[in-house]
Amino acid sequence: MKESAEMYLETIYVLCQKKSDVRSIDVAEYMNYSKPSVSRGVGLLKEKGYIKVDKDGFISLTEEGKILGDKI
């Protein structure tokens, strides 16, 4: 996994620990990144099966994502 993907996954992992509802905008604000950058990063993590994004845009970690996020 590339370092940038690890950073996104780590951020999502941390945010999921702090609150139950995490969206891309939360990740963007936490990382101080633009929404398009975060959207791309979230898309890549979703493709790899580390996260799920529901129809309302809420992000959750898959079991694999939780394990990897914990390691990072």
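A charge sits over a ring if NZ of Lys or CZ of Arg is within 6 Å of the ring centre and within 35 degrees of the ring normal. Here R23 lies over the face of F58, at 5.1 Å from the ring centre. This is a predicted model, where local features need pLDDT of at least 70, side-chain atom pairs count only at pLDDT 80 or more, and totals for chains, interfaces and linings use all residues. Residues are numbered from 1 along each chain as its sequence is written, and side-chain values use heavy atoms, leaving out hydrogens and water.

Now to the rings. The whole structure holds 1 aromatic pair (ring centres of Phe, Tyr or Trp, the last by its six-membered ring, within 6.5 Å). Y8 and Y33 meet edge-to-face (planes over 60 degrees apart), with 5.9 Å centre to centre and 80° between the planes. Because Y8 belongs to helix 1 and Y33 to the loop between helix 2 and helix 3 (helices being DSSP runs of H or I, at least four residues), the pair ties together parts 25 residues apart in sequence.

The table gives burial (buried is under 20% relative accessible area, exposed over 50%, partly exposed in between; 1.4 Å probe, protein chains only).

| Residue | Burial | Relative accessible area |
|---|---|---|
| Y8 | buried | 8% |
| Y33 | partly exposed | 34% |

Finally, the largest nonpolar core (buried Ala, Val, Leu, Ile, Met, Phe, Trp, Tyr and Cys joined through side-chain atoms within 4.5 Å) has 17 residues, of which I12, V27, L45 and I51 touch the most other members. Helix 1 gives the most to this core, with 6 residues.

Technical notes: Rings of Phe, Tyr and Trp (its six-membered ring) pair if their centres lie within 6.5 Å; planes under 30 degrees apart count as stacked, over 60 as edge-to-face and the rest as tilted. Helices (H or I, at least four residues) and strands (E, at least two) are DSSP runs, numbered from the N terminus.
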